[in-house]
Every structure is written in C-alpha cells, then in structure tokens.
Amino acid sequence: MADIVLDKVTKSYPDGTIAVHGIDLEIADGEFIILVGPSGCGKSTTLNMIAGLEDITSGELRIAGVRVNDKAPKDRDIAMVFQSYALYPNMTVRENMAFPLKLAKLPKAEIDKKVNDAAKVLELTDYLDRKPANLSGGQRQRVAMGRAIVRSPKAFLMDEPLSNLDAKLRVQMRTQVSRLQKQLGTTTVYVTHDQTEAMTLGDRVVVMRAGHIQQVGDPQTLYDNPVNLFVAGFIGSPSMNFLPATVEQGKLITPLGDLPIGARLQRMLAAGDAPKQLVLGIRPEHFEDAALVDEAQRAKGFEFTAPVDLIESMGSDKYVYFTLEGGAAAAADLEDLAADAGGADLPHDAANLVTRLSAESRLREGADAEVWLNLDKIHLFDPADGRNITLHEGRAAGVTAG
Amino acid sequence: MNSKLKWGVLDVIVVVFALVPVLWIVSLSFKTTATLTDGNFIPREWTFDNYQLIFQTDQFVRALINSIGIALISTLIAVVLGTMAAYAISRLDFPGKSLLVGVSLLIAMFPQVSLVSPLFNIERNTGLFDTWPGLILPYITFALPLAIYTLSAFFKQIPWDLEKAAKMDGATQGEAFRKVIAPLAAPGVFTTAILVFIFCWNDFLFAISLTSTEQSRTVPVALSFFTGASQFEDPTGAISAAAVVITIPIILFVLFFQRRIVAGLTSGAVKG
C-alpha cells in the first residue's frame, strides 16, 4: 500500500498533440480516487502513465515516495484491471489468477492458497478450472479483479472495468468493487466516463477535460460547488439546467423571469470587467411544485409559471419538463458537454428545463404549473471561461447572499 | 436443393480432378514393369519392387536425407526469424518499418528464375555451391516474406491488452512474449511452418541449379536424375514410387500440426 503523487505530469506525442497537461495530484494511501471525464480527456493516458504502460514526457510520478518514471510496470508493484478484462485465453481461471504469482516465483503452496482465497472472496471457486471463453461477462470481470488482488499490490488501477457489463450487473459489481476496496484498503485509481460510478464509488473525484484537471474533491463538494460550467454540467443526472441570463438594473433577466441579486454579487457584477451575459445553472431538485412549499420557504425563493411539457413519474419523485421561451444558454463548455452526451444536434432555439418535484405533486401535462425555485442553490457562470462566479471561498453561495 | 446438387457435382469434379493424378501415381508405383503401360487404373499385378528398388539405390536415400534436413532447418530458422520480425512489425513503431515491409514484399515478388544465375556465381565464389547452407540460405530468403506476412496477420488479431496485462502482472517484455503472446500465436506459427516447409520441400529450381552432386541434391532433383538399373530399364515405376514416398512427409507434417491449429483459440480473451 502506498500513496501516489503526480507532480506536473505531462504526456505529449511526437506529432505535437498533448494528451495530458502538467497534472498535479496527490493520492493518499488507501484512497479510492476516480478519474472521470468525456472520452479524449486524458484520463486513460494518465492511468497508463501511472501503470508504466506509457512513458511520462515530463514531470514526476512517485509511488510510496519513490520516483518511478523510469521503472518498468513490473517493478512498480501495481495491478491493473482492463476494460477488456484481458484474460489469458489459453489459461484456466486458476492459471490466470496464479500468473502474477508464478512470475513472482512464489512457492506453489502459497500460490494455491492465495488463489483459493481470492476465488472465495470473488465467488469464483466453482469456476477455477474453466477457460475464460466459458465464462459470462460478469465472471470474466471478477477473474480480472481476482488476478489483480491475489498479489496484494501497492495500488490498483482500473480502466473502466465495468463498462462492458449490462446495466443491472454493473450496479451489482459497483457495490462489490466498492466493498472490496474498503475491505482491502488498497490505494485505487479508477477511470470511468460514467458520472454515476464517479459519484458513488470514490472518496475523491477528479474531473478531467482536454488533458487538464477541472476540479478535485469529494463527490458532494463537486456536486454542490462546481468550480465551472463543465464540472457543473458533467456531474449529476439528470444534469444541471443552464439558462441564459443578463444583468440589468440590479436584476437578473432570465427566461424564468427577473431574479433578485444579493449585495455581494451586485458589487461583483458592477465592476468594469464583469461579464454582462451570464449562464444560470440550476439543478433539477432545486425546483418544487409551489403548492407543496410552505409560506416561509416560498418567500425566500422565486416562483414562475410555465406550461408543463412532459411528466415522468419515477415513483419517488416526478421529473417534470418545461420548454421556456427566450433561447438556450450558449458557451463553449456547454457545446462540449452536449457533444459528449451525444446531443450536439438537438435544437437549441428554446431552453429546456428539467425539474425534479415531489411525487405528491398534482401537476398535469399541458396545464400551466406554478413552480418554486430555491435561490440559494443557483449558480451563475461566466460563459467566456466557464468560471462559477457564485462560488465564494470555495462554496456556492447562491445569488441572493449579502 | 437444386443449388445443393449443383455444388455437390462441382465439388466432386474438383476432388476427382485433384485426386486422379495422385492415385494414378500410386497405382503406377505398384505395377510391375511389364504391366506399366497396360492402361489399367488398378494394377493387375501388385508389386513392391519399385519401392525396394528406390531404397536400395544410394542416390534416393541420400536425397531424402538432404531434403528432410534442408527443409526442416530452413523452416525452423525462417519461422523463428519470421515470428520475431512479424511481432515487431505488428506491435512496434520503429523507423524504417514500412521500408522493411516493402523490401520483404519485393523479395517475395521477385522472379526466382532471374536470381538463379547470380546466385550460382555467388555460391561458386563463396564455396556455398553444392552444400546444405547453399540451399538453406535462398530458401530462408524466399520463405521469410511469406512467414512475416502470415504471422503478422496472426499477431494483429491478438489483443494488445493481453500484453499490457502480462506486463502489469510482472512479466518482462520477453516473458510476456513467451508466456502469453507466443502460445496464442501458435496456430499462426504452425500454419506458417507448414507453408514454409512445403515451399522448401517442393522447390526444384534452386535445388537443380545450386547443386551438382548427391552431397546436397534434394529429392525433386534426384527424381529427375532417376534412370533404371540399366539403360534399357524403364524408370517410370521407380519414379512413381519415389514420388509417393516424398509426398508422405508432407502429409505427416500437415497431420501432425493440424491438431495444433485450433481455430478460435483466442475467444474469451476480451469481452467479445
């Protein structure tokens, strides 16, 4: 077990493309850290550099305090689980799991014991003499995990290990991975493009984009206090709503209506270089059916009326969709997010709003609805650089704070 | 049904066309000198004289040893070199890679006839003429492009993740190759070995041009020098028997390695 430190680690290729731009990251001993981001953000490259499968162009990588830049993967004492599982098809499950131990020249009795123990933990005992071809996807995935844990390495690296499983199995394996990591207490770096995995698994999440780290923090911090538009849009499902907003006479003009602004934000926006066009961000759960909000709360928030497009009842809550007049928010970050979600070609002329309301809500499709929104929870972003301007000393303060 | 019948008839024609000459040679090899030309497909009088005769002549036995030795050594060297070259070509990006592939393709396409005279002179001057290495060298040269091409196709099918996994599991580059990649490439290696062996075994052009004595003459050449025990004896029966005998090693070779060529050996390695 060990800590892993990335000190200005950069990866560039001979053709000049830079996959990873000088990343600084300290991973504590025993920590479960997630690298998340859209495809091409450099998360897998970073993992491969930690593994030693790719050279580090510049910067330093230290495992347990020792510089390992020039060490071969086998001398770094870390295990890796691949997206494709990469099981050796010519070997049985037992041989697959024993392979790293055999290479380490352990005595046979010890190898047998370790393999049997790992098989027991992963419920693979009955399959030890099968070939990978005769296993299901979930079983293959567990064999891949088994091959990693038998060695008790300093760290685990996992490269989207669950993305080839079907949805139900993925949820099941997610909890198993999480439990296993807590049980073993081994430092783990986990790469995924799935923000749900990122939120549920990690002690800390690193959001990456185009080779840069956007934000590092525990899942709740990332969710509540995103530093920029990209993180705000990437974390959370359904994702945050983004609406265009302009500042006029001390008010925020938005498709929802004119929102009041608190004194601190007033001062900030009055400065000469303050952006006039802003992007307003509100998470779906910060809306509520106005009829269900008590008087005291209602006064602190803001209410608007809009026709309901569609209602999806999830049992525990209702997702209510609105279409608002006044156009959608525009920013480079938003286009990136849309491209990643595969929705780049959706119409952008109207703003779509997703709200998550109580299940008791009596709203109906087609009818006008009175919706309340929590002003303390909304974010404002500068469309030019995506910065969250409502962040005060690292915490989101809403727009009304004094 | 109709198309099945059509294909069936076509198959039979092809098989008959391919097998009749072979069976004919077999038939001839069992005929006595007197009945050789009687035109019967099945010999009226069976005899093993022809076989006894060819194994009594020193000429044939010696040629058989030469053939087996030269073909096996050439195959071994070509496959080992080809495996390493193909692995490098399919896995690594090194300067001059496309040049190497291009040149090896060029060699494979070069008409061998045009090389015979220069090779003859070179070997005469270097003392390789009429020796085993004198044949092994050109065989390797012409078999290597074939080996590299076949093998690199096989290597490309092996998921690269397996090699990465082996390295993460603590293997050196060499161990990853020996313990993970090579076993998976085995079907390809054996296929290549068969092709190279057959190429070396069947060669006539180099064998007749670059040899002059029994010291290194291979069977296809020795056959062409076959005469009867006396000038007046018809060597047809003996030639047929020899032709049958030299087919046997190829059949054995293919049968032996065929068991190792298991299709779909890599299934289950990755998600698929």
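Author: Two strands are said to pair if DSSP finds at least two bridges between them. The model discussed here is predicted.

Reader: What makes β12 and β13 of chain A a pair?

Author: Strand β12 of chain A covers residues 251-254 and strand β13 of chain A covers residues 257-260, and 4 bridges lie between them. A pair needs at least two bridges, so the 4 bridges of these strands satisfy the definition. The pairing has the antiparallel sense. Within it, A:Leu252 faces A:Leu259 of β13(A).

Reader: How are β12(A) and β13(A) joined?

Author: A hairpin of 2 residues connects β12(A) to β13(A).

Reader: Which strands of chain A form an open sheet, and in what order?

Author: The open sheet has 5 strands, in the order β15-β19-β16-β17-β18 of chain A, with antiparallel pairing. The average twist from one strand to the next is 50°.

Reader: Why do β15 and β18 of chain A stand at the edges?

Author: Strands β15 (287-289) and β18 (351-358) of chain A each have a single partner strand, so one side of each has no neighbour in the sheet. As a general matter, strands of a sheet pair through backbone hydrogen bonds, in either a parallel or an antiparallel arrangement.

Reader: What makes β15(A) and β19 of chain A a pair?

Author: Here 3 bridges link β15(A) with strand β19 of chain A, residues 368-373. Since at least two are required, the 3 bridges are sufficient for a pair. The two strands run antiparallel, and A:Phe287 has A:Leu373 of β19(A) as its bridge partner.

Reader: How many helices and strands are there in chain B?

Author: Chain B has 11 helices and 0 strands. The C-alpha atoms of chain B fill a box of roughly 70 × 65 × 30 Å along the principal axes. Of the 272 residues in chain B, 33% are buried.

Reader: Why is B:Leu195 called partly exposed?

Author: B:Leu195 has 17 other C-beta atoms within 10 Å. A residue counts as buried at 20 or more and as exposed at 12 or fewer; the count of 17 falls in between, and B:Leu195 is therefore partly exposed.

Reader: Where does B:Leu195 lie, and with which residues is B:Leu195 in contact, leaving aside its neighbours within four places in sequence?

Author: B:Leu195 belongs to helix α8 of chain B, residues 173-202. Beyond those neighbours, B:Leu195 is in contact with B:Leu146 and B:Thr150. Contact requires C-beta atoms within 7 Å. B:Ile248, 53 residues from B:Leu195 in sequence, is 16 Å away from C-alpha to C-alpha.

Reader: What domains does the assignment give for chain B?

Author: According to the domain assignment, chain B has domain 1 (1-47) and domain 2 (56-262). Their centres, taken over C-alpha atoms, are separated by 30 Å. In the contact between these domains, domain 1 of chain B contributes 7 residues and domain 2 of chain B contributes 7 residues. On the side of domain 1 of chain B that touches domain 2, there are 4 nonpolar residues, 2 polar and 1 charged.

Reader: How many residues of chain B are in contact with chain A?

Author: In this contact, 22 residues of chain B meet 24 residues of chain A. Helices α7 (160-168) and α8 of chain B each provide at least two residues of the side of chain B that touches chain A. The largest share of that side, 6 residues, belongs to α7(B). By class, the side of chain B that touches chain A comprises 11 nonpolar, 5 polar and 6 charged residues.

Key
Residues are numbered from 1 along each chain as its sequence is written. Chains are lettered from A and ligands numbered from 1 in the order in which they are written. This is a predicted model: local features need pLDDT of at least 70, side-chain atom pairs count only at pLDDT 80 or more; totals for chains, interfaces and linings use all residues. Two residues are in contact if their C-beta atoms, placed from the backbone, lie within 7 Å. Domain bounds come from an automatic or database domain assignment. Ala, Val, Leu, Ile, Met, Phe, Trp, Tyr, Cys and Pro count as nonpolar, Asp, Glu, Lys and Arg as charged, and the others, Gly among them, as polar. Axes are lines fitted to C-alpha atoms, for helices over the stretch in contact, and angles run from 0 to 180 degrees between N-to-C directions.
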